[in-house]
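Work through the exercises below with the model open beside you. Try each task before you read its solution.

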Amino acid sequence: MKPIRDGSVQYRLRDAAGGIRMAFEEDLEALPTSTDDPEDWILRPPAPADRTALALTLAKLSTPLTDVVYSYQSSRTVFRPYQFRPVLKLMSSDRQRLLIADEVGLGKTIEAGLIWNELEQRTHLRRSSGRRGGTHFRGLVVCPAALVTKWQNEMRDRFDRQLRVLDKEGMAELVELFRSGDTSEPFAGVVSLERLRRAGQLDELSELQPRFDLVIVDEAHYLRNASSRSHAAAALLADWADALIFLSATPLNLGNQDLYNLVHLLDEASFPEPKVFENQLEPNRHLNAVAVGLAEGAADTPDGARALHSRLMRVPTSAHGRITARRPEFGRLRELLRAGAPLSPRQRADARRCIAELNALAGIVNRTRKADTPDRKALREAEDISVHWTPQERAFYDGLHAWCLERAARSGMAAAFAAQMWLRQAASCIPAMQQRLRERFSPRPAEEEAAEELLYDSEIVDDSEDASNGSRTKLAASPASLARELADQADDLSTLRPLLRELPVDTKFEQFKNMLRSARTKGMRQAMVFSFFTRTLEYLEERLTPEFKVRVMHGKTPPAERERIMKDFRAGAFDLLLVSEVGSEGLDFEFCNVLVNYDLPWNPMRVEQRIGRLDRFGQQHEKIFIFNMQVPGTIETDIFQRLYARIGVFQDSIGELEPILRGRLKELHRIVLDPHLSPEQRRRQVDRIAVAQVDREKDLESLNEAQALLTGLDGLLIEGFDETSPGRGRYLGPREIRGLVECFLTDSGYGSLRDVPHEDDLVDVSGSGYLLKVMYEAMDTGAFPHPRDDLLARLKSGSPTRFSLTASASSTSGTPLLSVRHPLVRTAQWWYEQHPEPLLRYGRARLPGLPPGSRYLVEVRLARTDGTRSRRELWTTAVEVGTMREVPEVGTALLTSLARGELASADEPLPADIDMSLADALEEVQALAALQERTTKRLYEAENTRLAEGRRATVSDTFQVKIARARRLALQVDHPSIRRLHESRVTHLETRRDALLAQMEGESRFSLSTETVALVLVEGA
């Protein structure tokens, strides 16, 4: 400033380029009051509640917040807290790998869909300004061929996601997409495992090294054979996927390599060696006990905390436990529990994080059992329908049985396997078996049935690849040898000619038909009838059609036809669905509650899977009726049905027993098929192994012991969830999203939103050409991909378009769900990024549940933490105006009410002297916030140090094992060139280790910063 002699003032100014300019005072223009300083905000009138909510909602959408569940209410599914465990587990993990091993019927497909929604939304929020990061998301589902249509339908109907089916042409297009190098195109597809693992296109993809944001593999137990091509294909997927999810209902068996093979595929670095895997799990037993204690509130009392500390100190009693005890996270956990004082919520969260880092499987396996869920469970009510064959029918079965055993004795185990299928077909349906004999095993049926039986009959073969790789048990034959055996038997049918005479009656069918008539009189109109055999299903269709409306679905039914059958069955268009396990695999029949086992598999897990098609979450009936056709004198009834009754398969889920039953069943199959045993010897052998007297309680006790190695933290993950939401405001609620869209349409002038009369969760949106234009602009910058429906055209027309605010309303009304993923919501978010002028950072609102007349000033800050683990969180600090008393729960109530849409306007004028009180309150809030930041920084920084040290130790240990092995091999070989290869690998591994440790050192540098996003004057309602 420079005074002039005439009394005026001239200012010396420096411009942005560094140049000097002179200007008189009257030529200067006053700048508006800063909008970035909270002290200036409170000098203006507070904004109303809807504007306050808008500012806070946009803060939640400004960056992916660590503790906000964006997938809540993003799909047409019923909210169940346990289904968000995988989402939360993935959110809290850095490796983005997960095996979801929930029991059948708990909704693994929904859990995978929620993960997809969560990751897609977070990817969208992370995008840089002007980049098309929001539409870059590329996801792929891999599943058995029979489930491709199911996945396509589930993702479309529940998640508004269109999956491209990757048939031959689709795979070619995918290869071309990656070959083009175009990174701007989103992708969502589903491919069968059978097609993916084929040579050719998989090799082409391997050369391109594509990147997927997410890969989901359903029925992942098909990957467990490490020598199979499926396993090799999965290894490539692991290299290509940023996030990799395996789904498998097959219970985890810790006694073999199945679990190891799956987690090794998911995370090779953490699980490098099978021989140390069991040692890695040993500390879990004690860590999970501590986790369960925390979940049950044991740390809320001094005695409980000391008891947890005592249990924790058992960890160092094993060899790997001593390694675990040297990690910094263990030291922190011991410090928290050793004090013997009740833990605060923050300390409980800190303890949970420590356990998650120490537990070898906590971050990579999710296991939910039906017993752990609060859902109402349908009761299983079983009834045996006893069938007493006529003498002619009995003679047929006995004659065939004798012939099969004779053939097996002469021809070996391939014949024994074929004999099993003949005997099972005869017990299932004698007329169908007679027709099979009459066809004299033409070449095509022999080959076809051999492949089908080997592919799907898991009591003999675990999966199809085992059969083709020749790695099966001695009981089973290869498809080629079995086909030859089936064809050879056609040459020896002369002795069976008397069995081909048509029998006067089919006693089993008559009993079955009488049972159906009786069930119909009791109101049981629809039923599923299971048989393993296509011939039986076709026979039943022919016999039942005159009296009942019948459809058939088996392994040969095309996917499109299955979809039509399912739709018609749901709509009640027919009475009986005749179905095989293969035909029903992966499909949901929760609307049906009557099941008939026309024949029984020789594996209780197959029975469980049949019942599991009906007994799943969402089952609409209180009871599931199970009718078992029972024929005394057959292997199915005398041995297997007796076993199933003893272990309770018809009364309750037996998923937990599968690992124990698997080994016993193999021995049982050997005995019942052994042609060298007399009937008496066979009975004694069955009694000796006591399969029919499985001690369920004892077996479950041993399995619960194994379960202690797998779980413990999962209950803590959903701590704070209530019956309708994730709780504590850590989500975007339906009313909150409604408010965002309404404000956008009002502020932009491009449309309007109106509530539908007498409908709480439906709204009508009227658009315009201007709205269409801005949506295209948002789409061009990557806010969302082009909608596949006519949404844009409808909004342009100006006529009202109806939307649902909740998943239940969307399912009931069939209207689109206005979720955080919807193009209209994405457009609103994008528009405010371009037009921040309407945003008001200081507001006023009433909250329910606070004392009338009370006032609080709440500061909401966005905290950014960077280091080994980055965080983005909303922090609140609240003080009571006047008393200056800190009231933390008011900040939590503010965010909760925001998500629930409960922020109400306060219309009464503020007291005249409020300005001074607010200034004092703001000063106190800022002082408390600074103290909170300092305290939290110390905690987070210490955690960052522990985490960084732990990860560096893990990397060092992993490379040490590999380097030591390479050095041993170098010393053991004599050939100089081979020795040099091993020595070169040692050097390469050491270089990689040092580079990785240096990279981790840089990434572990800690920083914390905060930004005030809103001040809210909160008043009691």
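The exercises that follow concern a predicted model.

**Exercise 1. Helix length**

Task: Check whether the end-to-end distance of helix H4 agrees with its expected span, then decide whether H4 is enclosed or open.

Solution:
- Step 1. Helix H4 covers residues 108-126, which is 19 residues.
- Step 2. The rule is 1.5 Å times one less than the number of residues. For H4 this gives an expected span of 27 Å.
- Step 3. The end C-alpha atoms of H4 are 27 Å apart, so the two values agree.
- Step 4. Now look at burial. Of the 19 residues of H4, 18 are buried, so the rest of the structure largely encloses this helix.

**Exercise 2. One residue**

Task: Place Thr507 in its helix and say whether Thr507 is buried or exposed.

Solution:
- Step 1. Thr507 belongs to helix H23, residues 507-521.
- Step 2. The relative accessible area of Thr507 is 13%. Buried means under 20%, so Thr507 is buried.
- Step 3. Find its partners beyond four places in sequence. Thr507 contacts Val387, His388, Trp389, Thr390 and Glu393.

**Exercise 3. Nonpolar cores**

Task: Find the residues with the most contacts inside the largest nonpolar core.

Solution:
- Step 1. The largest nonpolar core holds 60 residues.
- Step 2. Met775, Leu824, Leu894 and Val1018 have the most contacts inside that core.
- Step 3. Take Leu824. Residues up to four places away aside, Leu824 touches Val741, Val765, Leu771, Met775, Leu795, Phe803 and Leu818.
- Step 4. Another core, of 46 residues, lies apart from the largest one; its members include Val387, Leu578, Val631 and Phe640.
- Step 5. Recall the general rule. In soluble globular proteins, nonpolar side chains tend to be buried together.

**Exercise 4. A sheet and its helix**

Task: Give the strand order of the open sheet with 3 strands, and name its edge strands.

Solution:
- Step 1. The order is E17-E18-E19, with antiparallel pairing.
- Step 2. E17 (752-755) and E19 (801-804) are the edge strands, as each pairs on one side only.
- Step 3. From one strand to the next, the twist averages 30 degrees.
- Step 4. E17 and E18 (residues 762-766) pair over 4 bridges. Ser752 stands opposite Ser766 in E18.
- Step 5. Helix H33 (residues 734-748) lies across E17 and E18, at about 135 degrees to E17.

**Exercise 5. Crossing helices**

Task: Classify the crossing of helices H2 and H38.

Solution:
- Step 1. The axes of H2 (residues 49-60) and H38 (residues 888-900) come within 11 Å and cross at roughly 95 degrees.
- Step 2. Angles of 65 to 115 degrees count as roughly perpendicular, and H2 and H38 are therefore roughly perpendicular.
- Step 3. Ala53, Leu56, Thr57 and Lys60 of H2 make the contact with Leu894, Leu898 and Ala899 of H38.

Conventions
Residues numbered from 1 in each chain as written. Predicted model: local features only at pLDDT ≥ 70, side-chain atom pairs only at ≥ 80, totals over all residues. Heavy atoms only, no water. Helix = DSSP H or I, 4+ residues; strand = E, 2+ residues; numbered from the N terminus. Buried < 20%, exposed > 50% of the residue type's maximum accessible area, 1.4 Å probe, protein only. Contact = heavy atoms within 4.5 Å. Core = buried A, V, L, I, M, F, W, Y, C linked by side-chain atoms within 4.5 Å. Pairing = 2+ DSSP bridges. Axes fitted to C-alpha atoms, helices over the stretch in contact; angles between N-to-C directions. Parallel < 35°, antiparallel > 145°, perpendicular 65-115°, else oblique.
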